[in-house]
Amino acid sequence: CKIDTLELDENSIDDSVAEMLATSLETNCILKRLDLSSNMSITARGWMALSRYLQHPNCKLDSLHANHNTINDEVATALFENCTLEDLSLCDNQSITARGWMNLSSLLLENPNSRLRRLNLMGNQLADGVAISFANSLDNNAKLKVLNLNRNPYITIMGWNAFSQVLCDRSSIARTHASNHTLCNLGSFHPSPGLPQNLSHYLELNQKDKQCKGRQKILEHHFTGDFNMEPFEEMKVELLSHVLGWLCGFDQGDDSNLVSQTALFQLLRSKPSLFGASSEDCVVRVDDLSRRLDHNGCGKDKKIKTCIGDLDIRSIESGRKMHV
């Protein structure tokens, strides 16, 4: 009999049953989902047998739920060595200490072969040290989308800030571009005074398609206010055309349009000579663009694009077609 789902939660399973189950499953190449939640009679002996099954070549399991059990650090470490799981739920396993959770960071979150996309760790009394370890491990992780940290009240502003940093590293444009653009859910916690305001924003951005979210993070943090114009003056025309084409990519339909348009007219107004336009002509036209942006708010009026086009900036148009 080939079974792809086993829901054995709350079945008073003990070690002997767990060992028989693990042995039987080694001949099953189809099982995808296993739920062993709330089986408190399984001790380390039974869980180690199941962890060995997870390492078996026939194991094709992609979802394991083991909530509300007596899993300890040794068992957790063995479970974390599995690379096939896409969904792992370990809610209310408070026998796992900070050391065990740190092993999760190194064995799963930092493992390039890991397929994990959803990790549920509600109610485990996690604190800032573990949260920071998780966040740092996600720096190069492009697979994990959901990390549920609900009901972990000991995570403070320090731990949440670590996630803000990894989702949007503002130290440079390159680091912002290399930030984590995958994680989009840390659990459905309610906003609280201890939660950074920008964290929810970054999580929402990460729900967009890959091109839009990275672009908007860069625009928001490197092309707003009085950003540095000097790099534009030193660029070769060929490179400048691509940069400006990317900057004025208005047709994406995302929330970064207003930011990019604002940055563009600020650049035009400050450095009209970059575009072969006379200073007076450029300032008049860009002031007109500024008034249109202020009037329309959302910056989606087609006349705004016309105003930019009237500047006859061939480099922008050529870069826009390349769309880099």
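# Questions about a predicted chain

Of the 324 residues in this chain, 48% count as buried. The model is predicted, so local features need pLDDT of at least 70 and side-chain atom pairs count only at pLDDT 80 or more, while totals for chains, interfaces and linings use all residues. Residues are numbered from 1 along each chain as its sequence is written, and side-chain values use heavy atoms, leaving out hydrogens and water.

Q: Why is Ser-89 called buried?
A: Buried means under 20% relative accessible area, exposed means over 50%, and partly exposed lies in between, with a 1.4 Å probe and protein chains only. Ser-89 has 3% relative accessibility, so Ser-89 counts as buried. You will find this residue in strand β4; strands are DSSP runs of E with at least two residues, helices are runs of H or I with at least four, and both are numbered from the N terminus.

Q: What makes the link between the side chains of Ser-89 and Asn-67 a polar contact?
A: A polar contact is a pair of N or O atoms within 3.5 Å; within protein, one must be able to donate a hydrogen and the other to accept it, and residues adjacent in sequence count only if both atoms are side-chain atoms. The two side chains are joined at 2.7 Å, a distance that fits the limit.

Q: Why does Lys-213 count as buried or exposed?
A: Lys-213 has a relative accessible area of 8%, which is under the 20% limit, so Lys-213 is buried. The residue sits in helix α9. A polar atom of the Lys-213 side chain lies 2.6 Å from the backbone oxygen of His-181.

Q: How do you know that the span of helix α4 is close to the expected one?
A: The expected span is 1.5 Å times one less than the number of residues. Helix α4 has 12 residues, with 16 Å expected, and reaches 15 Å from its first C-alpha to its last.

Q: What covers the buried residues of α4?
A: The cover includes α3, β4, β5 and α5. Among the buried residues of α4 are Trp-101 and Leu-104.

Q: What makes a set of residues a nonpolar core?
A: The members are buried Ala, Val, Leu, Ile, Met, Phe, Trp, Tyr and Cys residues joined through side-chain atoms within 4.5 Å. In this chain the largest such core has 59 residues, and Trp-101 and Phe-134 are among those touching the most other members. Phe-134 is also in contact (heavy atoms within 4.5 Å) with residues including Trp-101, Leu-121 and Phe-163.

Terms used:
Lists of a residue's contacts leave out its neighbours within four places in sequence.
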